[in-house]
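Q: Please take a close look at one secondary-structure element of the structure below. Describe it in terms of charged pairs, nonpolar packing and surface.

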Amino acid sequence: MDKLGVLCAQKEVLHGQRAQVSLDLEVLLNNPTSIPEHTEYSIKLDSLIGQLAEVNDKIKIIDFLISTTEKNNG
């Protein structure tokens, strides 16, 4: 697998992670009673937002690397 293939594969992994975190965030926001009583809502919400921001940042970096690779190969 070449560099572009590796980057594209990693991007797909990140899209899966984003979908998972987005689903968890949606469930939390639509049904806050779905989390255990001992969990503090705001801490869990902050954690999920942080995870989503991290995944989105990684996708942006992968997109930049893909663009750079395509320009260098073109």
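A: Helices here are DSSP runs of H or I with at least four residues, numbered from the N terminus (strands are runs of E with at least two). The model is predicted, so local features need pLDDT of at least 70 and side-chain atom pairs count only at pLDDT 80 or more, while totals for chains, interfaces and linings use all residues. Residues are numbered from 1 along each chain as its sequence is written, and side-chain values use heavy atoms, with hydrogens and water left out.

The element chosen is helix α2, residues 41-73. Its charged residues come first. A search of the whole structure finds 2 salt bridges, a salt bridge being a side-chain nitrogen of Lys or Arg within 4 Å of a carboxyl oxygen of Asp or Glu. One joins the side chains of E54 and K58, at 3.3 Å from N to O. Because these two residues are 4 apart in helix α2, about one helical turn separates them. E54 is partly exposed at 44% relative accessibility, as is K58 at 37%; this class lies between buried (under 20% relative accessible area) and exposed (over 50%), with a 1.4 Å probe and protein chains only.

The other salt bridge pairs K11 with D63, at 2.6 Å from N to O. This pair links distant parts of the chain, 52 residues apart: K11 lies in helix α1 (residues 3-30) and D63 in helix α2. K11 has a relative accessible area of 21% and is partly exposed; D63, at 31%, also counts as partly exposed.

Nonpolar packing completes the interior view. The largest nonpolar core has 6 residues, L7, L14, V55, I59, I62 and I66; such a core is a set of buried Ala, Val, Leu, Ile, Met, Phe, Trp, Tyr and Cys residues joined through side-chain atoms within 4.5 Å. Helices α1 and α2 are the elements that give two or more residues to this core, and α2 gives the most, with 4. Leaving aside neighbours within four places in sequence, I62 is in contact (heavy atoms within 4.5 Å) with L7, Q10, K11 and L14. A second, separate core of 5 residues includes V21, L28, L48 and L52.

On the surface, I61, F64 and L65 make a nonpolar patch of about 310 Å². L65, within helix α2, is partly exposed at 34% relative accessible area. Patches take residues with over 30% relative accessible area and no salt bridge, joining like charges within 9 Å and nonpolar side chains (Val, Leu, Ile, Met, Phe, Trp, Tyr) within 5 Å; areas come from the Shrake-Rupley method with a 1.4 Å probe, and for residues only the protein chains shown count as cover.
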